[in-house]
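Reader: Could you take me on a close look at the salt bridges in this model? I would enjoy one connected account, with the cut-offs spelled out.

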Amino acid sequence: MEDPSGNEVFMAEAVRLSFETMRGNKGAPFGCVVVKDGRIISRGFNSVLSSNDPTAHAEIVAIREACKVLHSYQLTGCTLYSSCEPCPMCLSAIYWARPDKVYFANTRHDAARIGFDDAFIYSEISQDARHRKIPFLQLEYPDAMKAFLEWEGKHNIKF
């Protein structure tokens, strides 16, 4: 059974990180923690501005660190606490990492009101690659498929 008081403690840490990153001029006001077995195993905050890395979102940073701690690319048995509903990039990373649950405080609509509007990205995802605002053009290259075929023949890799 889930401990609701633990949820508040973990969310408080994610929110604290959002203030820390913003006030330290490291990035936007977003924080995230990953919890396993009732303890925080990683923390992440938005460091896009300080690292010049557009992928350095709080959730991505926290997921990367948690995977290092667990020596695994999956976060089975873990819960993420994020100060805001994850953006499309972070949402994708979360699904790839496969945690058990995600809690968030602010919504994507709250984020849009302060200038972080992901609606454009959500609409682009559903577009055929040829119709996106940034052109995505397939360049057929036979060796690319060879790598896929070789991967397909591997039997010792589990996902």
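Author: Happily; here is a walk through the salt bridges, pair by pair.

This is a predicted model, in which local features need pLDDT of at least 70 and side-chain atom pairs count only at pLDDT 80 or more, while totals for chains, interfaces and linings use all residues. Residues are numbered from 1 along each chain as its sequence is written, and side-chain values use heavy atoms, with hydrogens and water left out.

Side chains of opposite charge can pair when their charged atoms come close. Here a salt bridge is a side-chain nitrogen of Lys or Arg within 4 Å of a carboxyl oxygen of Asp or Glu. By this rule there are seven salt bridges.

Let us start with E13 and R43, whose side chains meet at 2.7 Å, N to O. E13 lies in helix 1 (residues 4–23) and R43 in strand 2 (residues 39–45), so this bridge ties together parts that are 30 residues apart in sequence. Helices (H or I, at least four residues) and strands (E, at least two) are DSSP runs, numbered from the N terminus. E13 counts as buried because its relative accessibility is 13%, whereas R43, at 43%, is partly exposed. For these words, buried means under 20% relative accessible area, exposed over 50%, and partly exposed in between (1.4 Å probe, protein chains only). The pair also belongs to a wider arrangement: E13, R16, E20 and R43 are linked in a network of salt bridges.

Next come R108 and E85, with a salt bridge of 3.9 Å, N to O. R108 sits in helix 5, and E85 in the loop between strand 3 (78–84) and helix 4 (88–97), so the contact ties together parts that are 23 residues apart in sequence. Both partners count as partly exposed: R108 has 31% relative accessibility, and E85 has 22%.

Helix 5 also holds a bridge of its own. The side chains of R113 and D110 meet at 2.3 Å, N to O; the two residues are three apart in that helix, about one turn. R113 is exposed, with a relative accessible area of 63%, while D110 is partly exposed at 27%.

One last link concerns the same helix. Helix 5 (108–113) is among the helices that each supply at least two residues of the lining of the largest pocket, along with helix 2 (48–51) and helix 3 (58–70).
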